[in-house]
Amino acid sequence: MTARALPGEQGSGKPGVGGAGGDAAPPPASLVQRLRDVHLQMVDAVLAGDGLGRVAELAAAAADGPVAIIVPRIGVAVLAPAGGEAASQLPALKRYVADRLRDRPAEVPAAVAAEVPIAAGDEALGAVVLLASERAAPPEAGEFLHLTAVASLTEVAVEEAREEVEQNLRGSFLEELRARTELAPEELVRRAARLGTDLSHGAIVLCAELTSDRPRHVVATIAGEHPGALAQHMDDRVYAVLPATGSTEEAAEATTTAARRLATRLQRHGTVGLSSFYLEVADLPRAVQEAELVLEVLRQSDAPIAEDIGTGTYRLLFRVLASHPEEVRAFYQDTVAPIVAYDDQYATDLAGTLEAYLEQNCNMNATAAAIYAHRHTVAYRLERVRELTGLDPMQSEDRERLGLGLKAYRIIAPRLPR
């Protein structure tokens, strides 16, 4: 990776920093030694984890003037020295470099005395900028700016390698949760902590199927909106573990509220399923399955669900379905399965009529108006429900069972044979 000139750098009216030309005399031995020393210090700063802030300090000292390093790709914009009038120029410099990287017309800020691009091959990544000051820049300033650009490329490589390792670790961690791999709770907490996520107070799992082509944006949004979130794009879905917000007794409610707010924001990118709050880290594999179940229902259900699917009875059913799916299916079979089968065979709508009847607080006239049918038709269909299921919609206890059976049907419908 080498530094090169950005398009339009020539003729900018700024001091040239293109390095030695074909006829330029080689630098004196003392300058060569100084360049080597500064280069080694910059590389040491990068490898020691001191960041580009320290590199900018070394560059400013060597070039005898304020130096800014701007690399949008890794979100870095630093200036050294940090104080003084030059600090106010940083926002304008960030806009200038961003526009140049996007090939937009950009007027060179008046404060720029010289600049060197940061590029990998033909790909421009940012710029090193020397700002004008009361003292004239030394002739060798351009050489130090080039060294700074090379050190900045090293920082980009280190950051991207670190990010790749973290992505692999996040992917491995979430994949093991999806596969329900048997892991000790303390091992889960330890591994999550290495990735910056505290699971010791519980968590919620998010699963999103995207309709947009911006998975990295979605992952970044999750990380930015929910502190400590562990998110990764896997198999055309985004999975995220959202750690508890706080460690108090209100953590479950606070975390649920934050997760639901995040899910609402992400809906512009696709369908989002949330698990309920799980206090025990050992239950996280079940939380992943629950979030996937919610997603499937939201994505595939061809019938509207009046009650908010993230709360109340539906949430309890999802938790049971994630841990004991046979119980939910058995309850469905014992309640509304006969009328669902009857509707499929004869193209009727007994289930829809029953659901409307329950939603209208068992008011026959209101139900008839809701489904655009005569009240006698409603009465006939409810009688058929009683005959087929053995449960009477007019009796409160049977009504409760039928209502729960309809909810069970809605959440397992995507997995029922067609």
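The buried residues of helix α12 (residues 350–359) are covered by elements that include α11 (337–346), α13 (364–371), α14 (375–389) and α15 (396–412). Here a cover partner is in contact, with heavy atoms within 4.5 Å, and buried stands for under 20% relative accessible area, with exposed over 50% and partly exposed in between (1.4 Å probe, protein chains only). Helices (H or I, at least four residues) and strands (E, at least two) are DSSP runs numbered from the N terminus. Helix α12 is largely enclosed by the rest of the structure, because 8 of its 10 residues are buried. These buried residues are L350, A351, G352, T353, L354, E355, A356 and Y357.

The model is a predicted one, in which local features need pLDDT of at least 70 and side-chain atom pairs count only at pLDDT 80 or more, while totals for chains, interfaces and linings use all residues. Residues are numbered from 1 along each chain as its sequence is written, and side-chain values use heavy atoms, with hydrogens and water left out.

Turning to the sheet, an open arrangement of 4 strands follows the order β6-β7-β5-β8, with antiparallel pairing. Its edge strands, β6 (230–234) and β8 (270–274), each pair on one side only. On average, neighbouring strands of this sheet are turned by 15° against each other, direction ignored; such angles are taken between N-to-C directions and run from 0 to 180 degrees, with axes as lines fitted to C-alpha atoms, for helices over the stretch in contact. Two strands count as paired if DSSP finds at least two bridges between them. Strand β5 (residues 203–210) pairs with β8 in the antiparallel sense over 5 bridges; L210 of the pair stands opposite G270 in β8, and L206 faces L274 of β8. With β7, strand β5 shares 7 bridges, also antiparallel, and A203 has P243 in β7 as its bridge partner. Strand β5 is mostly covered, with 7 of its 8 residues buried.

Two helices meet this sheet. Helix α4 (residues 141–178) packs on the sheet and touches β6 and β7 (237–243), its direction making about 85° with that of β6. Helix α6 (residues 215–225) lies across β5, β6 and β7 and runs at about 5° to β7.

A pocket comes next. The second largest pocket has a volume of about 440 Å³. On a 1 Å grid over the protein atoms alone, a pocket is an open set of points where a 1.4 Å probe fits, with protein on both sides within 12 Å along at least five of seven lines, and lining residues have an atom within 4 Å of a point. Grid points are joined across faces, edges and corners, and the volume is the space filled by probe spheres set on the points. Of the 15 residues lining this pocket, the closest to its centre are E163, R170, V219, A223 and A231. Two or more lining residues come from each of α4, α6 and β6, and the largest share, 5 residues, is from α6.

A further strand group includes β4, which is largely enclosed by the rest of the structure because 7 of its 9 residues are buried. Strands β3 and β4 pair in the antiparallel sense over 8 bridges, with P117 opposite A127 in β4. The two strands form a hairpin with 2 residues between them, and G121 in the turn has a positive phi of about 65°. Strand β4 also pairs with β1, antiparallel over 4 bridges, and V129 in β4 is the bridge partner of A68.

The largest nonpolar core has 34 residues, and those with the most contacts inside it are M42, V55, V67, V71, I118 and L130. Such a core is a set of buried Ala, Val, Leu, Ile, Met, Phe, Trp, Tyr and Cys residues joined through side-chain atoms within 4.5 Å. Two or more of its residues come from each of α1 (29–47), α2 (51–63), β1 (67–71), β2 (76–80), β3 (112–120), β4 (123–131) and α4. Leaving aside neighbours within four places in sequence, M42 is in contact with V55, L58, A59, F144, L147, T148 and A151. A second, separate core of 32 residues includes V297, Y314, A322 and L382.

Finally, E292 sits in helix α8 (residues 284–300) and counts as buried because its relative accessibility is 16%. Beyond its neighbours within four places in sequence, E292 is in contact with R178, C207, R237 and Y239.
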